[in-house]
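Visitor: I should like to learn how to read the features of a model such as this one. May we take them in turn?

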There are 2 protein chains.
Amino acid sequence: MASVSIKEVAKEAGVSTATVSHVINQTRFVSEETRQKVVDAIEALDYHPNAAARSLVTKSTRKIGLVIADITNPFFTAVTRGVEDEISQYRYHTILCNTDEDPKREDDYLRLLIAQQIDGLIIAPIGVPSEPLMQMTKAGIPIVLLDRKSPGVEAPLVGVANAEGAYQATRYLIELGHQRIIFLMTLKSISTQQDRLDGFRRAFHEANIPVNEEWILNADPRFYGISPSLPTFPVKPSPKSQNIPSAYEVLRELLKSPNRPSAVFVANNQLMLGTLYAFKECGLHCPEDISLVSFDDPDWAPIFSPPLTVVCQPTYQLGQTAASLLMKLIQGEAIDAPAPFPAQLIIRESCQAPQPI
Amino acid sequence: MASVSIKEVAKEAGVSTATVSHVINQTRFVSEETRQKVVDAIEALDYHPNAAARSLVTKSTRKIGLVIADITNPFFTAVTRGVEDEISQYRYHTILCNTDEDPKREDDYLRLLIAQQIDGLIIAPIGVPSEPLMQMTKAGIPIVLLDRKSPGVEAPLVGVANAEGAYQATRYLIELGHQRIIFLMTLKSISTQQDRLDGFRRAFHEANIPVNEEWILNADPRFYGISPSLPTFPVKPSPKSQNIPSAYEVLRELLKSPNRPSAVFVANNQLMLGTLYAFKECGLHCPEDISLVSFDDPDWAPIFSPPLTVVCQPTYQLGQTAASLLMKLIQGEAIDAPAPFPAQLIIRESCQAPQPI
DNA sequence: CTGTTAGCGCTTTCAA
DNA sequence: TTGAAAGCGCTAACAG
């Protein structure tokens with residue numbers, strides 16, 4: 001870019017660079033006459049102030065870091081859109097980082113963000129203690145935790161009432177008569193997964209039903225696996241393995257056993273599709289043969305067969321709120337951590353009373 | 001951030017700032033002994049080079065602009081992931097811009113990107129002539145067109161064979177016996193929409209069937225509308241209206257008429273869901289009552305009822321390729337515009353021969 | 001093999 | 001009401 005600099009504008013307008021700077025930033029009074037000359041010069045030369053130079057002196061980059069698991073996950077894409085829409089109003093922008101739930105990637109990105117001198121950070125942490133994250137907290141960089149907590153990090157959290165949502169859904173299942181329920185989750189380190197498990201347990205406890213610990217299952221946050229019977233099975237790129245099997249693989253065996261569960265609770269949207277694929281593969285019809293409740297409410301859930309009963313989260317709002325909070329933090333306002341958003345059980349048609357065996 | 005600067009590192013290590021700079025960038029030989037001292041000092045002070053200062057002198061920001069319609073559209077999220085994965089290998093990062101297909105937003109973002117001194121640009125242009133875009137081309141900023149052409153912009157295009165894909169799908173429909181086919185598209189300015197329409201027309205022409213121009217329909221790139229019968233109908237945030245009705249609204253009337261089409265060709269993934277909602281609302285079963293082919297192959301398409309016949313695009317690869325090309329451009333390599341990727345017709349179960357009326 | 005130093009383009013005191 | 005000039009943190013001649 002053969003960029004024109006502020007000097008050239010100053011010369012063109014016949015004023016000093018200081019004056020040009022001040023008309024651009026409206027940071028001190030300039031007579032209307034000279035102001036106009038400057039504006040004209042800017043126009044004529046098509047001048048755009050150099051953001052890097054400006055950052056260097058103001059120490060503000062108007063950049064924030066957004067660290068999430070994967071932009072490809074609909075939960076995070078809606079969140080990201082919320083963040084973008086909010087901060088772009090402040091002329092801020094985002095550096096997007098996909099960790100794939102890999103602590104090493106998280107750390108690497110965090111270090112990059114430090115070097116980039118970001119003004120603030122929104123992060124959905126994996127939950128494994130992170131050295132650079134601690135550092136940033138100590139350095140006083142404004143941070144907002146998105147959706148998930150992180151051990152040892154003191155920062156406002158914008159999230160939903162996970163335990164309550166899971167509790168409601170589980171109770172609904174139990175009231176329908178289910179006792180043999182699988183709880184399918186992703187990584188244990190992720191705080192929302194633990195919270196949801198807590199809600200699940202609470203519902204069992206209240207109903208005086210023992211939880212079958214062997215049916216608390218972990219699956220890779222990727223939803224897929226390889227199924228020979230589904231030739232056009234979607235294959236996602238960049239599968240960063242956590243060395244645990246996919247939802248599809250975890251369920252396939254269990255669902256084929258005669259002793260199979262009557263319902264599945266899925267604690268993460270990425271696992272939902274894998275679960276549905278497994279149902280299909282095993283020839284199980286939902287809800288006749290097996291009931292399903294899942295966290296998150298994708299676009300297609302209401303018109304799926306059957307329409308899916310879900311626990312819905314206000315994803316876009318989550319992002320927007322986190323961003324708005326971060327902007328306040330950056331501007332030095334004191335803020336309180338907001339109350340969790342409710343997670344709403346939406347009853348559609350993927351659950352029914354278990355069939356007598 | 002109380003950042004430490006290169007000076008402090010130099011002092012700590014007992015060398016000049018030049019030496020520190022050179023060990024960081026490996027840009028001239030430094031004896032192992034002093035190198036070690038510098039490395040230690042960096043470690044001890046937890047030094048991170050200031051990206052803004054570096055940009056100021058090198059004139060390279062290691063930032064690119066990625067201008068797309070909407071990150072919430074699965075097509076673009078996969079593309080974005082491809083871009084991110086590729087450029088992060090070069091330690092580049094992305095400024096994400098959602099235009100919502102609004103030319104004003106596109107222009108605003110482009111100007112922002114110029115001010116940010118981006119090293120390059122990947123853009124899925126709306127197709128309306130854009131002044132800042134022209135400017136950037138003239139200024140010699142490396143640009144890669146993603147998925148779509150833009151009038152007057154000379155830049156390599158990374159896209160798919162849209163006309164051919166649409167032709168295949170339409171021919172398939174015609175061979176099944178369909179003649180009464182709706183072609184549903186979004187904005188006329190978007191080149192891919194035109195290309196797909198061309199393919200559609202070609203298939204009709206070859207079969208000697210006249211195209212019903214009244215059934216070439218435009219809908220808002222948002223897929224939704226308000227349906228009283230679907231209480232949990234998803235509502236997307238930030239609906240930037242183009243003042244044209246949604247797919248759902250466009251189809252609802254037509255599908256209720258006795259003279260309705262026997263098939264629908266949907267030229268954009270965002271319209272597919274609206275179309276399915278309209279089917280549901282009108283009580284039409286697919287494929288018995290009406291056949292459907294759509295561009296793009298979302299995760300849930302293979303397990304939908306019916307499994308959806310689609311024209312699939314290699315979304316992730318598109319992003320990756322565009323990014324890889326842009327990196328070459330930035331490094332001054334001469335490149336050719338790559339051949340379009342194939343768009344593959346995947347026949348599943350959403351089409352059948354039309355019922356006799 | 002390493003150090004000195006002149007800027008990159010901007011903001012911001014200080015002075016007029 | 002405006003200008004001169006210092007300096008943000010870094011890189012890259014140039015000099016030794």
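Guide: The dialogue below treats the relation of the chains, the DNA surfaces, a buried helix residue and the backbone geometry. Please bear in mind throughout that the model is predicted.

Visitor: What turn and what shift lay chain A on chain B?

Guide: A superposition is read from its rotation, its shift along the axis and the remaining RMSD. Here a turn of 180 degrees with a shift of 0.0 Å along the axis lays chain A on chain B, and the RMSD is 0.1 Å. That is the relation of a two-fold axis. Within chain A, the C-alpha of Ala52(A) is the nearest to the axis, at 2.4 Å.

Visitor: Through which surface do the copies meet?

Guide: One compares the interface residues of the two copies. Of the interface residues of chain A, 100% are also interface residues in chain B, so the copies meet through the same surface.

Visitor: How many residues surround DNA strand C, and which are the closest?

Guide: One begins with the residues around the strand and then asks which elements supply them. DNA strand C is surrounded by 29 residues, of which Ile6(A), Ala18(A), Ser21(A), Asn50(A) and Ala18(B) are the closest. Two or more residues each come from α2 (17-25) and α4 (51-58) of chain A, and from α2 (17-25) and α4 (51-58) of chain B. The most is given by α2(A), with six residues. By class, this surface has 13 nonpolar, 14 polar and two charged residues.

Visitor: Which residues come nearest to DNA strand D?

Guide: The same reading applies to this strand. Among the 28 residues around DNA strand D, those that come nearest are Ala18(A), Ile6(B), Ala18(B), Ser21(B) and Ala53(B). The elements giving two or more residues to this surface are α2 and α4 of chain A and α2 and α4 of chain B. Its classes are 13 nonpolar, 13 polar and two charged residues.

Visitor: Is Val38(B) buried or exposed?

Guide: Burial is judged by counting neighbouring C-beta atoms, and 20 or more within 10 Å make a residue buried. Val38(B) has 23 C-beta neighbours inside 10 Å and therefore counts as buried. Val38(B) belongs to helix α3 (residues 32-45) of chain B.

Visitor: Which residues does Val38(B) touch, not counting residues up to four places away in sequence?

Guide: Leaving out those sequence neighbours, Val38(B) touches Val9(B), Ala13(B), Val15(B), Thr19(B), Val20(B) and Val23(B). Separation in sequence and in space may also be read together: Val38(B) and Lys59(B) are 21 residues apart in sequence and 25 Å apart in space, C-alpha to C-alpha.

Visitor: What should one look for in the backbone geometry?

Guide: Most residues other than glycine have a negative phi, and most peptide bonds are trans. Exceptions to either pattern deserve a look. Asp100(A), which is not a glycine, has a positive phi of about 55 degrees. Asp100(A) lies in the loop between β2 (93-98) and α6 (103-115) of chain A, and counts as buried with 20 C-beta neighbours inside 10 Å. Gln117(B), also not a glycine, has a positive phi of about 55 degrees. Gln117(B) is found in the loop between α6 (103-115) and β3 (120-123) of chain B, and is buried, with 21 other C-beta atoms within 10 Å.

Visitor: Where is Pro287(A), and where is Pro306(B)?

Guide: Pro287(A) sits in the loop between α11 (269-281) and β9 (291-295) of chain A, and the peptide bond from Cys286(A) to Pro287(A) is cis, with omega near 10 degrees. Pro306(B) is in the loop between β9 (291-295) and β10 (309-312) of chain B; the peptide bond from Ser305(B) to Pro306(B) is cis, with omega near -5 degrees.

Methods. Residues numbered from 1 in each chain as written. Chains lettered and ligands numbered in written order. Predicted model: local features only at pLDDT ≥ 70, side-chain atom pairs only at ≥ 80, totals over all residues. Near = placed C-beta within 6 Å. Helix = DSSP H or I, 4+ residues; strand = E, 2+ residues; numbered from the N terminus. Nonpolar A, V, L, I, M, F, W, Y, C, P; charged D, E, K, R; others polar. Least-squares fit on C-alpha atoms with pLDDT ≥ 70 in both. Contact = placed C-beta atoms within 7 Å. Buried ≥ 20, exposed ≤ 12 C-beta atoms within 10 Å, placed from the backbone.
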